[in-house]
Amino acid sequence: MAGSLLSLSQDVSLERIMQVALERGYTAQGEMFSAADMAQLAEEVFQCQAELLSGGLEGENRGRILRHLTAGCPLLLPYDEDSNHEPCRRRGYKAHWAVVSGLLLGLRDGALSPACQEDEQIPGLFRPGPACPPPAPEDVLETYLLSKQGKSWRPQLWNYRQAHESNAQLMDFCPKRAGDGKVYVVPAGGVKAGLCGKTVLLCPRTTQSALPQPAGPPPAAER
């Protein structure tokens with residue numbers, strides 16, 4: 001799913017991705033409990049630039065993630081998946097990966113830039129124009145991530161804080177899975193070392209140096 005957003009010169013099949021992951025020892029059953037391995041896998045099969053972030057989605061990483069998504073590049077997010085595919089907190093027992101491809105920001109009244117263009121079909125939804133400045137942090141009331149998990153039929157909007165909290169509590173390997181008799185590849189230090197607080201940013205190699213570096217959140221807005 002992330003590859004389709006990277007403007008690849010040719011498509012890379014799921015079979016090819018799985019083959020490389022098996023050959024490199026990243027997985028045994030299709031599981032990926034190491035964000036570092038996921039970043040290396042993406043770089044090899046997509047010939048893209050992968051950046052591994054640690055420390056969760058908040059703090060200094062928040063601005064980096066918002067700028068990355070504003071530039072039109074996807075990220076890979078490990079999280080605990082609830083029954084409706086949204087983030088939950090199960091200590092890593094339901095750990096899955098999602099592709100995040102966009103943002104929706106809720107702004108306070110009067111904070112919207114005149115350079116933003118209102119959507120023709122959805123009143124109150126605005127898209128940033130080329131000259132649209134980023135909103136000031138104090139003007140952003142809500143932040144949502146446009147995300148999709150592989151089993152979901154459609155993308156979803158996830159509350160940014162909930163996604164952060166789910167990502168930051170990936171601690172343990174599911175006991176049920178540990179006792180199912182199958183072999184899994186788990187890094188030294190377990191799920192906590194491999195996934196907790198980790199995010200993988202992907203972009204085409206040619207755009208890495210051109211990513212915008214605004215001081216505040218990105219110019220995507222909803223009134």
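I began at the end of helix α3, where I found that G72 follows the helix with a positive phi, near 90 degrees. Before going further I noted that this is a predicted model, and that its mean pLDDT is 91, with 92% of the residues at 70 or more.

**Helix α3**

I then went back along α3, which spans residues 60–70, and listed its buried residues as N61, R64, I65, L66, R67, H68 and L69. Looking up what these buried residues pack against, I found the strands β1 (48–53), β2 (75–81), β4, β7 (140–149) and β9 (199–204), together with helix α4 (160–167).

**S147 in strand β7**

Since β7 is among the partners of the buried α3 residues, I next looked at S147, which lies in that strand. Is S147 buried or exposed? Its relative accessible area is 1%, and because buried means under 20%, I entered S147 as buried. For its side chain I noted a reach of 3.3 Å to the backbone oxygen of L145. Leaving aside residues up to four places away in sequence, I recorded that S147 touches V99, V100, P155, Q156 and W158.

**The largest pocket**

I turned to the open spaces and took down a volume of about 1,000 Å³ for the largest pocket. Of the 31 residues that line this pocket, I noted L14, G30, M32, M38 and W97 as the closest to its centre. Which elements give two or more residues to this lining? I found α1 (14–23), α2 (35–46) and β4 (95–107), and I remarked that β4 had also come up among the elements against which the buried residues of α3 pack. By residue class, I entered the lining of the largest pocket as 21 nonpolar, 8 polar and 2 charged.

**The cavity**

How many cavities of 30 Å³ or more does the structure hold? I found 1, and for the largest cavity I wrote down a volume of about 30 Å³. Its lining is made up of F33, G92, Y93, A95, F173, C174 and R177, which I entered as 5 nonpolar, 1 polar and 1 charged. In that division the charged residue is R177 and the polar one is G92, because Arg counts as charged and Gly as polar.

**A stretch to treat with care**

Last, I looked up where confidence falls, and found that pLDDT stays under 50 over residues 212–217. For this stretch I noted that the model has 15 contacts beyond four places in sequence.

Conventions: Residues are numbered from 1 along each chain as its sequence is written. This is a predicted model: local features need pLDDT of at least 70, side-chain atom pairs count only at pLDDT 80 or more; totals for chains, interfaces and linings use all residues. Side-chain values use heavy atoms; hydrogens and water are left out. On a 1 Å grid over the protein atoms alone, a cavity is a set of points where a 1.4 Å probe fits but cannot get out, and a pocket is an open set with protein on both sides within 12 Å along at least five of seven lines; lining residues have an atom within 4 Å of a point. Grid points are joined across faces, edges and corners, and a volume is the space filled by probe spheres set on the points. Helices (H or I, at least four residues) and strands (E, at least two) are DSSP runs, numbered from the N terminus. Buried means under 20% relative accessible area, exposed over 50%, partly exposed in between (1.4 Å probe, protein chains only). Contact means heavy atoms within 4.5 Å. pLDDT is the predictor's confidence in each residue, from 0 to 100. A polar contact is a pair of N or O atoms within 3.5 Å; within protein, one must be able to donate a hydrogen and the other to accept it, and residues adjacent in sequence count only if both atoms are side-chain atoms.
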